[in-house]
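Let's walk through this one together, a stretch at a time. Have a look at the sequence and the fold first.

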Number of protein chains: 2
Amino acid sequence: MKTDRTYTISELAREFDVTARALRFYEDKGLLTPRRDGLNRVYSHRDRARLQLILRGKRVGLSLLEIKEILDLYKVDQRAQAQTALKKYRARIVAFEAQREDVDAAIEMLHGYVAQLEEILAKPAAPAAVGAARAFEQEAKKRLQDAH
Amino acid sequence: MKTDRTYTISELAREFDVTARALRFYEDKGLLTPRRDGLNRVYSHRDRARLQLILRGKRVGLSLLEIKEILDLYKVDQRAQAQTALKKYRARIVAFEAQREDVDAAIEMLHGYVAQLEEILAKPAAPAAVGAARAFEQEAKKRLQDAH
DNA sequence: GTCAAAGTTGACGCTAGCGTCAACGGAAGC
DNA sequence: GCTTCCGTTGACGCTAGCGTCAACTTTGAC
């Protein structure tokens, strides 16, 4: 596993579609600590992995501080700290599971909306009963409103 | 279904554990539009439902603008608009599914961390081989570090 | 009447998470 | 030499999402 490749700041920025400014910001906040070649930042394979975790954390709605906390729990090497780390991780898991439920609910809701819109669009003013179609639309609209 | 009960601002605030300030803010941003009794806001059962959606949206990481967009798509009543609404909803569904994957991945990751921490804690300096236990801890620690 | 509780509308403040200069330093091509 | 990238460190700016007064009204209890 020769993963000793390194990256420049703009390489990483391009790869993950963030700006170099963001990477420096994460460093300021202690989330990344690339080595230096003179002044220039040199990102290792592990820095890259951390960045992935940071971005994933952001996508699921964590603040940079929360992400840092999670990453920092690795520094644990005493038993007492391991205990509290464990607690925190477990709490996070519970929170994430709740969030997954929210996401699932949102998806379901949107599927419902989509289905209703599809129904409406599937009725392009029926030739034999325009009035009936109109009535149906009104009804569908009402249901949409009521869902609100 | 007699759901014509109404709510005051502080009732809703308490129920959903947000501040009255937040509710007024959502109104400013056009996400809620309660009726008025003089100056006082009167929230209906539908306002309450909208609030639930707003908060759920926030929990899954949507901005207030995005939430408003989704809610506003209901106002659609022309076919052309229904088409674009449909597209937007579908795009949202795709985005949410990606987010669910992120959440699942995060949960899995944390489960991995927890398992490793539990292993460490399950080895309280074995009586017959303290040295070996120490070595194990070092190894476990190394693996944790490498995961980073 | 008056007193407290709950409501109202501004208006200003604050944090997070960067974007956007400004001013500068090598290194590489010509 | 000069220019052109790519990088650096400040420093200021900006938006979102409220928190927090301030100053006032309305309403019910007593």
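Which helix of chain B gives the most to the surface near DNA strand D? Helix 2 of chain B does, with three residues. Keep in mind that this is a predicted model, where local features need pLDDT of at least 70, side-chain atom pairs count only at pLDDT 80 or more, and totals for chains, interfaces and linings use all residues. Residues are numbered from 1 along each chain as its sequence is written, while chains are lettered from A and ligands numbered from 1 in the order in which they are written.

Let's start with a single chain. Chain A has six helices and two strands, and from the N terminus on they run α-α-β-β-α-α-α-α. Helices here are DSSP runs of H or I with at least four residues, strands are runs of E with at least two, and both are numbered from the N terminus. Of the 148 residues of chain A, 20% count as buried, meaning that 20 or more other C-beta atoms, placed from the backbone, lie within 10 Å of the residue's own.

Now back to the DNA. Strand D is surrounded by 17 residues, and the closest are A:Thr8, A:Ser10, A:Arg41, B:Thr19 and B:Leu64. "Near" is a matter of the C-beta atom, placed from the backbone, lying within 6 Å of the strand. Chain A brings helix 1 (9-16), helix 2 (20-28) and strand 2 (40-42), and chain B brings helix 2 (20-28) and helix 4 (64-72), each of these elements giving two or more residues. By class, the surface near DNA strand D splits into seven nonpolar, six polar and four charged residues. In this count Ala, Val, Leu, Ile, Met, Phe, Trp, Tyr, Cys and Pro are nonpolar, Asp, Glu, Lys and Arg are charged, and the others, Gly among them, are polar.

How do the two protein chains sit together? Chain B lands on chain A after a rotation of 180° with 0.0 Å of shift along the axis, at an RMSD of 0.1 Å. The two copies are thus related as by a two-fold rotation axis. That superposition is by least squares on the C-alpha atoms of residues with pLDDT of at least 70 in both copies. In chain B, the residue that comes closest to the axis is B:Gly61, at 2.6 Å (C-alpha).

As for the interface, 38 residues of chain B are in contact with 38 residues of chain A, a contact being two C-beta atoms, placed from the backbone, within 7 Å. Helix 5 of chain B gives the most to its side, with 25 residues.

Conventions:
Buried ≥ 20, exposed ≤ 12 C-beta atoms within 10 Å, placed from the backbone.
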